[in-house]
Structures are given as C-alpha cells and as structure tokens.
Amino acid sequence: MSPDHAFASVLDPADIISDPVRCRAYECDGLTGYRVVPQLVLLPRDAEQVAAAVRVCHEHGVPFVARGAGTGLSGGALPVADGVVISLARLKRVLEVDPVDRRAVVEPGVTNLEITAAAAPHGLYYAPDPSSQQVCTIGGNVAENSGGAHCLKYGFTTNHVLSCEVVLPDGSLVTLGTDTGEQAGPDLRGVFLGSEGTLGITTKITVRLLRTPESVRTLLADFGSIAAAGDVVSDIVAAGIVPAAVEMMDTLAIEAAEEAVHAGYTVGVPAALVVELDGPAEECDVQFEQVKQICDRHGCTRLHIAGSPEERAAIWRGRKAAFAAVGRISPDYFVQDGVVPRTRLAEVLDRIAAMGDDAGLRVANVFHAGDGNLHPLVLYSAAAGETERAEELSGKIAELCVELGGSLSGEHGIGTDKACSMPKMFSRDDLAVMDRVRAAFDPRHLCNPGKVLPTPRLCGERPGKYRPHPLEESGVIERL
C-alpha cells in the first residue's frame with residue numbers, strides 16, 4: 001500500500017490535504033524567510049489518529065513535521081518537501097481543570113491564553129505568557145519551551161508542565177512525567193520539553209496552575225539612554241526584588257507599537273521599561289516604592305503608573321504588539337532571540353547598533369530585560385535586495401550573544417534559523433551527545449528532520465551565499 005493510500009486508511013479523506021495550492025498555506029511558520037511546500041498536510045482529530053498517522057510515516061519512511069498555530073519564529077515547523085505536515089489544530093479541548101490540585105489537562109491545539117481563561121473562574125491562571133499567547137498553542141509552547149514576559153519570576157514552560165502524552169516517532173503512545181511532576185528514573189519529560197518537535201508529538205499536556213496574585217502593580221518608565229534603563233534593571237535585582245516582569249523597548253520598537261495600538265508610550269524616547277510586581281499587597285507596595293526610587297535615581301524622564309486594570313492592559317498591549325507592529329515601519333524583518341547576562345545589556349545593544357550601521361540596516365529592540373533575553377528585529381526590504389545582508393546580520397547577532405557569555409536562544413528555539421550557529425555554543429562532543437539522544441527516540445530521523453543540529457547539507461541550503469559547516473572547514477567531512 002502506498003503512503004497516500006495508507007494515510008487514507010487511518011484518516012477521513014477530508015482530513016488529508018494534497019492540493020499543492022492548499023498545502024502552500026503550511027509552507028512556513030512565523031519565520032517567513034524559509035518556505036517549503038509539503039507533499040501532504042494531515043488534520044487528525046484525536047491522539048489515536050495522530051499515532052496512526054505517525055505509524056504510517058514510520059512504516060513507509062516518510063518524514064513528518066508537527067505543526068500548531070505556526071507562530072514559531074525559528075523555522076521549527078518548516079515542512080520537508082517529500083514529507084507530511086501533521087497539524088494539531090483540531091486537538092483543541094480543555095479536558096479538565098482541577099482547582100484543588102491546581103492543574104489543567106489540555107490538548108496541544110489549545111491556545112496559551114485559553115488555559116488561563118478556563119482557569120480564571122477558579123481564581124487560577126497559567127503563568128507562561130508569550131507575546132503571541134492569544135494565538136500560539138500549548139503544544140508549540142512545549143516544543144520550544146516558551147517563556148514570555150513573566151518568565152523572570154515564574155520560569156518557562158518546563159516549570160509549569162507536569163506531564164505530556166507523546167506519540168513517539170514509531171507511532172507508540174506514551175506518557176512522560178506524572179500528574180504530580182514527580183517520577184523515578186530519568187526525567188524524560190524534561191528531555192522532551194524544548195526538543196523542538198524532534199523527539200515526538202505531544203497530544204495531551206497536564207499543566208500547573210497558579211493562584212491569581214492578590215496585588216499587581218505596573219509602571220512604564222522612560223529613560224534618556226539604553227544604558228540608564230539597563231542600570232535600573234541591574235539595581236532592581238541587586239536590591240533583592242524579583243519582579244514578575246521587566247521589559248525594555250527602544251525608539252524604533254516604541255514607534256512601531258504606538259503607531260499600531262496607541263498604548264500611551266512616548267514616541268522618540270531612547271528607552272522605555274515596563275516593570276510589573278505581583279504578590280501580597282503589602283509586599284508589592286513596599287517594593288513598588290523601591291522600584292520608583294531606583295527609576296528616579298537613574299534619570300527617569302517620565303513615570304506612568306497604571307491606575308486601573310484598563311491602563312495596565314494598555315501598557316501590556318503596547319509591549320505585546322511590538323513584533324507584529326514592526327511591519328508598519330519595515331516591509332520585512334527577522335526576529336532574533338539571544339540571551340546575554342543582564343550586566344552586559346548596554347554593551348550588547350551598542351554592539352548591535354554598530355553592526356546594524358555597518359550593514360546599512362536598522363535594528364529595533366524589544367526584549368525581556370530582567371533575564372537578558374534579547375529580541376532584536378533586523379529590518380530590511382526584500383524588494384531592495386537586502387535579504388542576504390539581513391540574514392547575515394541576524395546570525396551575527398545571535399553569535400554575539402554567545403561571545404558575551406550568553407546563548408543562541410532564550411525561548412524561540414534553534415529550528416532551521418540557527419542550526420548552523422550551534423558549533424559556536426557547543427563542542428563537537430556536545431552536539432554528538434544531542435544527536436545520540438535524538439537517535440534514541442528517532443533512529444530513522446523522520447521526526448522534524450533538519451532542525452536544531454547542524455549538517456553540511458542544511459548549512460549549504462540556507463538562502464544566500466553557501467556557508468560551510470565548521471567540520472567541513474577543518475577537513476573532517478566533505479560536501480557531496
């Protein structure tokens with residue numbers, strides 16, 4: 001039986017897309033610079049159908065890529081031309097909310113914000129909050145170990161997922177982790193979290209819920225320089241204060257966000273900080289006064305304190321609209337995602353500005369300042385022939401973060417975008433161990449192939465000038 005007929009035997013024919021025009025809707029994720037049209041798109045309706053589809057792939061040697069909402073920014077859901085996309089968009093049920101044990105059981109197609117909406121009547125919420133939380137799905141959050149503005153205090157997805165039901169690359173269905181988060185033996189749940197879809201497909205997730213804070217205090221502060229805003233971040237942490245969130249935006253990002261949503265930001269200011277504290281009311285009040293004093297000490301030019309839930313929502317609307325809003329000031333852009341120590345924020349931003357000047361390109365910055373997770377947006381025009389230059393600058397920024405003691409990614413993942421930069425951060429032995437772990441789950445490399453780990457073929461096929469793999473440069477391997 002051919003693969004096409006085999007898929008038709010486990011899925012309704014209406015749930016199989018083979019028309020190349022319709023398949024084109026799945027050719028990329030949020031990183032639109034990379035596009036591949038898959039051979040088929042499968043739309044299973046439950047975990048059993050996902051497992052059945054993967055078993056067909058395993059039997060016939062068909063590569064497959066799981067896809068949620070397609071909001072990823074690293075090319076992690078980029079299809080394979082001779083493979084299939086398995087969409088999880090129809091697995092979107094909230095199966096259970098347990099207010100006593102403070103957990104929820106959901107399918108991977110449930111959006112991040114829908115989990116909090118389901119938990120809210122019980123005075124609970126789900127803490128990780130990517131900027132795309134209205135549309136990004138929990139399955140994708142698990143794949144990328146997503147964070148968000150409030151990860152400074154509350155941690156990333158891995159800190160809030162207790163267990164995952166997973167379809168392994170051979171089609172078997174297993175559960176990694178437990179409802180309590182405790183288990184004997186290796187932490188396979190932890191191995192799977194953040195594996196970027198290379199070890200299997202999650203079909204059910206049990207997440208930890210938190211009690212809604214008693215008090216939330218939010219301010220928006222303007223500064224005359226990036227360095228001054230960075231010093232505020234360092235001093236807040238040095239004072240022993242752990243805010244729920246500390247976000248920073250520069251002139252370009254503020255301009256774009258304000259034009260898009262009119263949130264009340266000051267256009268033209270060099271830097272703005274969003275600082276939010278939450279917890280017991282008395283503690284919040286005391287620490288909030290400390291934060292205000294620190295802002296004043298570093299020359300804050302405007303301090304806006306949210307006086308109502310509506311004003312708080314407006315401040316966050318401006319911050320969370322920034323990525324999409326940049327489209328208003330540039331026809332095309334790459335979103336980068338590196339991490340540096342907090343103490344080197346001013347240094348890395350100065351270096352990025354200089355690199356942008358050298359490349360003749362603008363770079364907007366909006367990021368999680370509290371944990372040094374940068375999101376530089378390299379602005380360019382494909383029509384003007386600037387794509388290759390912008391891609392090269394984006395890659396150099398990621399590698400700069402490693403040079404300054406940080407990492408290639410904080411939450412967007414490596415995917416297709418930064419696979420060739422992995423040797424800048426990891427040794428040959430490190431990469432070999434990662435490959436062995438992957439092979440233990442997927443010896444045939446059918447599950448999201450070509451992502452995360454560098455290969456000469458992958459590096460050679462990236463758009464623009466050929467970039468040899470480091471092992472090729474050293475003579476260890478040859479390009480075929």
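This report describes the domains, two sheets, the helices that pack on them, and the salt bridges of one protein model.

**Overall division**

The model is predicted, not determined by experiment. The protein is divided into four parts: domain 1 (3–87), domain 2 (94–211), domain 3 (213–322) and domain 4 (330–413). The UniProt record, an unreviewed entry, places the feature "domain: FAD-binding PCMH-type" at residues 34–212. Over residues 34–212 the chain is 21% helix and 25% strand. The C-alpha atoms at the two ends of residues 34–212 are 40 Å apart.

**The four-stranded sheet**

One open sheet is formed by four strands in the order 1-2-4-3, and its pairing is mixed. Its edge strands are strand 1 (16–17) and strand 3 (64–67), each of which pairs on one side only. Strand 2 (residues 40–42) and strand 4 (residues 84–87) run parallel and are joined by three bridges. Within this pair, Val 41 has Val 85 of strand 4 as its bridge partner.

Two helices lie across strands of this sheet. Helix 1 (residues 3–10) lies across strand 1, strand 2 and strand 4, and runs at about 15 degrees to strand 2. Helix 3 (residues 47–60) lies across strand 2, strand 3 and strand 4, and runs at about 165 degrees to strand 4.

**The five-stranded sheet**

Another open sheet consists of five strands in the order 5-6-10-8-9, with antiparallel pairing. Strand 5 (94–98) and strand 9 (173–177) each have a single partner strand, so one side of each is left without a neighbour in the sheet. On average, neighbouring strands of this sheet are turned by 15 degrees against each other, direction ignored. Helix 3 packs on this sheet too, touching strand 8 and strand 10. The direction of helix 3 makes about 50 degrees with that of strand 8. Strand 8 (residues 161–167) and strand 10 (residues 201–208) run antiparallel, and six bridges join them. In this pair, Ser 163 stands opposite Thr 206 in strand 10.

The table sets out the two strand pairs described above.

| Strand pair | Direction | Bridges | Residues facing each other |
|---|---|---|---|
| Strand 2 (residues 40–42) and strand 4 (residues 84–87) | parallel | three | Val 41 and Val 85 |
| Strand 8 (residues 161–167) and strand 10 (residues 201–208) | antiparallel | six | Ser 163 and Thr 206 |

**Where domain 1 meets domain 2**

The centres of domain 1 and domain 2, taken over C-alpha atoms, are separated by 22 Å. In the contact between them, 13 residues of domain 1 meet 14 residues of domain 2. The two domains bury about 1,100 Å² between them, and 70% of this area is on carbon and sulfur atoms. Zero salt bridges are found across the interface of domain 1 and domain 2.

**Salt bridges**

Side chains of opposite charge can pair when their charged atoms come close. The structure holds 20 salt bridges. One of them joins Arg 312 to Glu 276, with the closest N and O atoms 2.7 Å apart. This pair links distant parts of the chain, since the two residues are 36 residues apart. Arg 312 belongs to helix 11 (residues 309–320), whereas Glu 276 belongs to strand 14 (residues 271–279).

Terms used
Residues are numbered from 1 along each chain as its sequence is written. This is a predicted model: local features need pLDDT of at least 70, side-chain atom pairs count only at pLDDT 80 or more; totals for chains, interfaces and linings use all residues. Side-chain values use heavy atoms; hydrogens and water are left out. UniProt positions are given in the numbering used here, feature names are shortened, and annotations may be inferred rather than shown by experiment. Two strands pair if DSSP finds at least two bridges between them. Contact means heavy atoms within 4.5 Å. Axes are lines fitted to C-alpha atoms, for helices over the stretch in contact, and angles run from 0 to 180 degrees between N-to-C directions. Domain bounds come from an automatic or database domain assignment. Buried area is the accessible area (1.4 Å probe) that two parts lose on being put together, summed over both. A salt bridge is a side-chain nitrogen of Lys or Arg within 4 Å of a carboxyl oxygen of Asp or Glu.
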